[in-house]
Amino acid sequence: MELRQLRYFVAVVDEGGFTRAAARLHLAQPGLSAQIRQLEQELGQPLLDRSRRSVTLTETGRAVLPYARAALAAADAVRQTVDAYTGLLRGRVSLGLVSGATGNAFDIASFLADFHDAHPALEIALTEDTSERMQAALLAGELDIALLGPTDEVPPPGLSLQTVIDAPLAVAVAPGDPLLAPAGDRTSVPLAELRDRALICLPRGTGVRAALERACAQAGFRPRVTFEAAAPHVLAQLAARGLGVAVLPAGRSPFDGQLRTLTITRPGIRARIALAWRSNGPASPAARALLDALRGALPAIPAG
């Protein structure tokens, strides 16, 4: 019995079949199947039931699975212990990013490139999703770290947040929009003036959308969002075509000089981006090292 065979067995179980497991492991499916059969022959019992469309565990497989996971975890712990003494970081870190998380305030690509240069044996997996789903993924252990827009005023239990951007929400409108009519040089707009306007906003589950909906609910109306897009620059493009009023963090909305930006007031609404992680810290040394590096780099980001 080899650790490699146990890793293959666990991958087939986690992926629900040989095809997806082979793709994840970068193996040919026949080779993967052969390794699992060899493991079953050595143990003298089938571990997987292949009689149905989806692969399922046999009774023996269910009994073996926790020990296979424990053996793999122990082997990883041995590697991590040795790596800690040699100063080498290896493994896989999952980092979640909300679309447009830091805009021009922080060059995440350059940061990750520098971090990878310093730790070439480390694999960093990037995931882009809504803030709401990333918060859930952090709590479930599916993500190690995330840059997200908090969807609640108080962080969910079990998560720690470090605010890195705190900017007022603003609207971006095309020249000639009625919101500019009261005074050609106005720089702000009361929230009440957006009551009946077609709005262009980030999807539900993002921090900007949650902050807007909370403020509108407190003002006694629901925002009329007619267009949604995950990328802030797409919101600005739609507004530039006259399709509505884009709601964006202040300082990030102008699009090729075609838009005017007005800060939302009465009440003012804040849009925040935060670095988030589980309160008890990421599990692996690699993830903890990346979190420490991010926490050291991100406080220098100026507020919008």
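A disulfide is a pair of cysteine sulfur atoms within 2.5 Å. Keep that cut-off in mind for the cysteines below; the structure you are looking at is a predicted model.

## Cysteines

By this rule the count comes to 0 disulfides. The sulfur of Cys-201 has its closest cysteine sulfur in Cys-216, and the 9.1 Å between them is too far for a bond. Seen from the other side, Cys-216 is in no disulfide either, with the sulfur of Cys-201 as its nearest cysteine sulfur. Cys-201 counts as buried because its relative accessible area is 0%. Cys-216 is buried too, at 0% relative accessibility.

## How far to trust the model

On confidence, the protein chain has an average pLDDT of 86, and 91% of the residues score at least 70. Strand S8 has the highest confidence, at 95, while helix H4 (residues 59-86) has the lowest, at a mean of 84. Residues 300-304 call for more care: pLDDT stays under 50 there, and the model has 10 contacts for them beyond four places in sequence. Where pLDDT is low, the predicted coordinates should not be read in detail.

## Helix H7 and what covers it

Cys-216 is one of the buried residues of helix H7, a list that also includes Gly-207, Val-208, Arg-209, Ala-210, Ala-211, Leu-212 and Ala-215. What lies over these buried residues? The cover includes helix H6 (131-140) together with strands S6 (159-173), S8 (198-201), S9 (224-228), S10 (245-249) and S12 (270-278).

The length of H7 can be checked too. Its 13 residues (207-219) should span 18 Å at 1.5 Å a residue, and the end C-alpha atoms are 18 Å apart, so the two values agree. Just after the helix, Gly-220 takes a positive phi of about 95 degrees.

Arg-209, another of the buried residues of H7, takes part in a network of salt bridges with Arg-204, Glu-213 and Glu-228.

## Salt bridges

Across the whole structure, 14 salt bridges are found. Here are three of them.

| Acidic residue | Basic residue | Closest N to O distance |
|---|---|---|
| Asp-76 | Arg-7 | 3.6 Å |
| Asp-14 | Arg-69 | 2.7 Å |
| Asp-129 | Arg-133 | 2.7 Å |

Which helices does the pair Asp-76 and Arg-7 tie together? Asp-76 lies in helix H4 and Arg-7 in helix H1 (residues 3-15), so this salt bridge connects parts that are 69 residues apart in sequence. Asp-76 is partly exposed, with a relative accessible area of 31%, and Arg-7 is partly exposed at 30%.

The salt bridge between Asp-14 and Arg-69 has an N to O distance of 2.7 Å. It also links distant parts of the chain, with Asp-14 in helix H1 and Arg-69 in helix H4, 55 residues apart. Asp-14 counts as partly exposed at 40% relative accessibility, as does Arg-69 with a relative accessible area of 36%.

In the pair of Asp-129 and Arg-133, Asp-129 is partly exposed, with a relative accessible area of 26%.

## The aromatic pair

The structure holds 1 aromatic pair. Phe-111 and Phe-115 form it, and their rings are stacked: the centres are 6.3 Å apart and the planes differ by 20 degrees. These two residues are 4 residues apart in helix H5 (residues 108-118), so about one helical turn separates them. Phe-111 counts as buried at 13% relative accessibility, and Phe-115 counts as buried at 8%.

## Backbone details in the loops

Most residues other than glycine have a negative phi, and most peptide bonds are trans. Two loops are worth a look with that in mind.

The loop between helix H2 (18-25) and helix H3 (29-43) holds His-26. This residue has a positive phi of about 60 degrees although it is not a glycine. Is His-26 buried or exposed? It counts as exposed, because its relative accessibility is 72%.

Arg-266 sits in the loop between S11 and S12. Its phi is near 45 degrees, a positive value in a residue other than glycine, and Arg-266 is exposed, with a relative accessible area of 67%. A cis peptide bond joins Arg-266 to Pro-267, with omega at about 5 degrees. Pro-267 is found in the loop between strand S11 (260-265) and S12.

How values were computed: Residues numbered from 1 in each chain as written. Predicted model: local features only at pLDDT ≥ 70, side-chain atom pairs only at ≥ 80, totals over all residues. Heavy atoms only, no water. Expected span 1.5 Å × (residues − 1). Buried < 20%, exposed > 50% of the residue type's maximum accessible area, 1.4 Å probe, protein only. Contact = heavy atoms within 4.5 Å. pLDDT = per-residue confidence, 0-100. Phe/Tyr/Trp six-rings, centres within 6.5 Å; stacked < 30°, edge-to-face > 60°. Salt bridge = Lys/Arg side-chain N within 4 Å of Asp/Glu carboxyl O.
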